[in-house]
Amino acid sequence: VTQQISTTDSTGRMMLNILMTFAQYEREVIAERIRDKIAAAKRRGKYCGGVPILGYDVDRENKKLLVNHEEAQVVQYIFRRFIQLGSAKKMGQELNEQGYRTKAWTTKKGRVRKGGEWNTGHVYRLLNNRIYIGEIAHKDESYTGEHEGIVDRETWGKVQAILADNKPIKVAMA
């Protein structure tokens, strides 16, 4: 934009294409660095942002997850009760009937996000979130987190076994 490149001749179009190629290269290098930085932070067990999850509050200054003891009791109840029910749909219905809501939080800009009704997606996300056992997941790897876990490993293992049994079996077509 700041250069007087004329696109009416072949030399000007070539220069424009060279500049666009370097701009694309620079954008890709920046994206790689950001991905690498996030991966390194997660390997060290750091919380890297996102929507806060039930059971934790975010200390924005120190970029850490702090246990919200009132919500942590709800999370522990969900894990224990799921072992008894064995169904995310029933679990979501029960939570809604008892008046429980998903995480309510305030954004950095001060917007209030109210908690809503539970559905099976919310229940599955909660039950599969390794943050609850004190770990940070990145891609297919899991690392020890800086935060305190809410759910013990035995309960986590039981829930994961039930979830694995509940997965539909994919039949290969012959």
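The radius of gyration used here is taken over C-alpha atoms, and the rule for a globule is 2.2 Å times the number of residues to the power 0.38. Keep that in mind for the opening stop of this tour through a predicted model.

**The whole chain**

Show the protein chain as a cartoon. A compact globule of 174 residues would have a radius of gyration near 16 Å, whereas this chain has 23 Å. Turn the C-alpha trace along its principal axes and you will find that it spans about 75 × 55 × 30 Å.

Next, color by secondary structure. You should see five helices and six strands. Walking along the sequence, they come in the pattern α-β-β-α-α-β-β-α-β-β-α.

Now switch on the surface. Its accessible area is about 12,600 Å², and carbon and sulfur atoms hold 51% of that. Of the 174 residues, 32% count as buried. As for contacts with a separation of 6 or more, 47% of them are between residues 24 or more positions apart.

**Helix α1 and its nonpolar patch**

Select residues 10–43, which make up helix α1. Then pick out M14, M15, I18, F22 and Y25 and show their side chains. Together they form a nonpolar patch on the surface, with about 530 Å² of accessible area. Stay for a moment on Y25, a member of helix α1. Is Y25 buried or exposed? Its relative accessibility is 53%, so Y25 counts as exposed.

**Helix α3 and its cap**

Move on to residues 88–97, helix α3. Which residues of this helix are buried? They are A88, M91, G92, E94, L95 and N96. Bring in residues 69–85 (α2) and 120–128 (α4) as well, and you can see what the buried residues of α3 pack against.

Zoom in on the start of the helix and select S87, in the loop between α2 and α3. This serine caps the N-terminal end of α3. To see the cap, draw a distance from the side-chain oxygen of S87 to the backbone nitrogen of K89; it should read 3.4 Å. S87 counts as buried because its relative accessibility is 18%, below the 20% cut-off.

At the other end, just after α3, look at G99, where phi is positive at about 85 degrees.

**Salt bridges**

Now for the charged pairs: a search of the whole structure finds eight salt bridges. Begin with E146 and K46, whose closest N and O atoms are 2.9 Å apart. This pair links distant parts of the chain, 100 residues apart: E146 is in the loop between β6 (141–144) and α5 (153–166), and K46 is in the loop between α1 and β1 (56–59). Both ends are partly exposed, E146 with a relative accessible area of 36% and K46 with 29%.

Then center the view on E135. What is the relative accessible area of E135? It is 10%, which means that E135 is buried. Add R130, whose side chain meets that of E135 in a salt bridge at 2.7 Å, N to O. R130 is partly exposed, with a relative accessible area of 27%.

Keep E135 on screen and add R153, which also forms a salt bridge with E135; here the closest N and O atoms are 2.8 Å apart. R153 lies in helix α5 and E135 in strand β5 (residues 135–138), so this pair ties together parts 18 residues apart in sequence. For another group, select D57, E71 and K103, which are joined into one network by salt bridges that share partners.

**Two lysines with positive phi**

One piece of background for the last stop: most residues other than glycine have a negative phi. With that in mind, select K63, in the loop between β1 and β2 (64–67). Its phi is near 55 degrees, a positive value in a residue other than glycine. K63 is exposed, with a relative accessible area of 56%.

Finish at K139, in the loop between β5 and β6. K139 is not a glycine either, yet its phi is positive, at about 55 degrees. Is K139 buried or exposed? With 72% relative accessibility, K139 counts as exposed.

Key: Residues are numbered from 1 along each chain as its sequence is written. This is a predicted model: local features need pLDDT of at least 70, side-chain atom pairs count only at pLDDT 80 or more; totals for chains, interfaces and linings use all residues. Side-chain values use heavy atoms; hydrogens and water are left out. Patches are made of residues with over 30% relative accessible area and no salt bridge: like charges are joined within 9 Å, nonpolar side chains (Val, Leu, Ile, Met, Phe, Trp, Tyr) within 5 Å. Accessible areas come from the Shrake-Rupley method with a 1.4 Å probe; for residues, only the protein chains shown count as cover. A salt bridge is a side-chain nitrogen of Lys or Arg within 4 Å of a carboxyl oxygen of Asp or Glu. Helices (H or I, at least four residues) and strands (E, at least two) are DSSP runs, numbered from the N terminus. Buried means under 20% relative accessible area, exposed over 50%, partly exposed in between (1.4 Å probe, protein chains only). Contact means heavy atoms within 4.5 Å. A polar contact is a pair of N or O atoms within 3.5 Å; within protein, one must be able to donate a hydrogen and the other to accept it, and residues adjacent in sequence count only if both atoms are side-chain atoms.
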